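Thanks for making time this morning. I would like to take you through one structure, going from its inside to its surface.

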Amino acid sequence: MGLRRRCHPRRKGLAYAVSAFGIGALVVGGQGLGWSWWQWLIGALLVHDLAGGVVANGLDTAKRFYHSPLTFTDSVFARFIHHPVGFTALHFQPVLIALVIPGGTWWWGLLWYAWALTGAITVDLVAERLKRPVALAFVVTGIMVAAYVDAPPGLDWLPAVLLLKLVLAHGVPEGLGRADSR
């Protein structure tokens with residue numbers, strides 16, 4: 001059926017390039033943060049997953065895979081992570097970051113985790129013609145709120161990138177807005 005076909009190397013390369021750029025930006029912009037080696041490792045993995053994930057989740061192949069039906073024989077866990085809300089629920093990185101990176105507050109991570117999860121649930125529940133505008137509304141309002149909420153130093157970018165990846169890139173199915181979509 002082609003649902004699990006391989007992604008074109010250039011498209012996959014674009015996701016890796018954005019990931020590498022993000023890690024570079026974190027290293028350059030994060031000078032003087034005083035992080036230990038393991039905090040830098042967590043930061044680099046976070047950037048790789050989120051920044052590269054915005055592009056990867058926006059690829060047609062990812063959208064076809066995640067927004068297509070699974071077979072009856074797939075496991076409960078496979079069905080959970082295949083669903084946009086389940087996929088978003090597994091992205092608890094903001095909570096982890098709030099706990100291990102100095103300078104933030106514990107509720108910062110919960111706020112952005114809940115914002116992304118609420119956005120994913122809402123996008124999943126609305127009519128197809130509203131999915132993209134509702135996703136954009138969650139992203140833009142989140143970015144605006146993030147400007148007024150103290151983030152752990154060096155991670156001011158996280159809410160915007162998290163919401164772009166999970167609510168917009170992952171939550172909106174491929175082909176919305178085409179003349180033949182419902």
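I will talk about the packing of the interior, then one helix, then a charged pair, and at the end a patch on the surface. Please keep in mind throughout that this is a predicted model.

Let me begin with the largest nonpolar core, which has 31 residues, and in which W108, W112, L162, L163 and V167 are the residues with the most contacts inside the core. The elements that each give two or more residues to this core are helix 2, helix 6, helix 7, helix 8 and helix 9, and the largest share, 7 residues, comes from helix 9. To make that concrete, take L162: leaving aside residues up to four places away in sequence, L162 touches L50, P94, W112, A116 and V167. There is also a second, separate core of 5 residues, and V85, A89, Y113 and L117 are among its members.

Turning now to helix 7, which runs over residues 106-125, we have a helix of 20 residues that reaches 29 Å from its first C-alpha to its last, close to the 28 Å expected at 1.5 Å a residue. Which residues of helix 7 are buried? They are W108, G109, W112, Y113, W115, A116, L117, G119, A120 and V123, and these buried residues pack against helix 5, helix 6, helix 8 and helix 9. As a reminder, an α-helix has 3.6 residues a turn, so residues three or four places apart point the same way.

Next, the charged pair. A search of the whole structure finds 1 salt bridge, and the partners are K165 and D49, whose closest N and O atoms are 2.9 Å apart. The pair links distant parts of the chain, since K165 sits in helix 9 and D49 in helix 2, with their positions 116 residues apart in numbering. Are the two partners buried or exposed? K165 counts as buried because its relative accessibility is 2%, under the 20% cut-off, whereas D49, with a relative accessible area of 25%, is partly exposed.

Finally, let me move to the surface, where W37, W38, L41 and L45 make a nonpolar patch of about 480 Å². Of these, L45 lies in helix 2, and L45 counts as exposed because its relative accessibility of 52% is over the 50% cut-off. Helix 2 therefore appears in several parts of this talk: helix 2 contributes to the largest core, carries D49 of the salt bridge, and holds L45 of the surface patch.

Note on methods. Residues numbered from 1 in each chain as written. Predicted model: local features only at pLDDT ≥ 70, side-chain atom pairs only at ≥ 80, totals over all residues. Heavy atoms only, no water. Salt bridge = Lys/Arg side-chain N within 4 Å of Asp/Glu carboxyl O. Helix = DSSP H or I, 4+ residues; strand = E, 2+ residues; numbered from the N terminus. Buried < 20%, exposed > 50% of the residue type's maximum accessible area, 1.4 Å probe, protein only. Core = buried A, V, L, I, M, F, W, Y, C linked by side-chain atoms within 4.5 Å. Contact = heavy atoms within 4.5 Å. Patch = residues over 30% accessible without salt bridge, like charges linked within 9 Å, V, L, I, M, F, W, Y side chains within 5 Å. Areas by Shrake-Rupley, 256 points an atom, 1.4 Å probe, with all protein chains shown as cover. Expected span 1.5 Å × (residues − 1).
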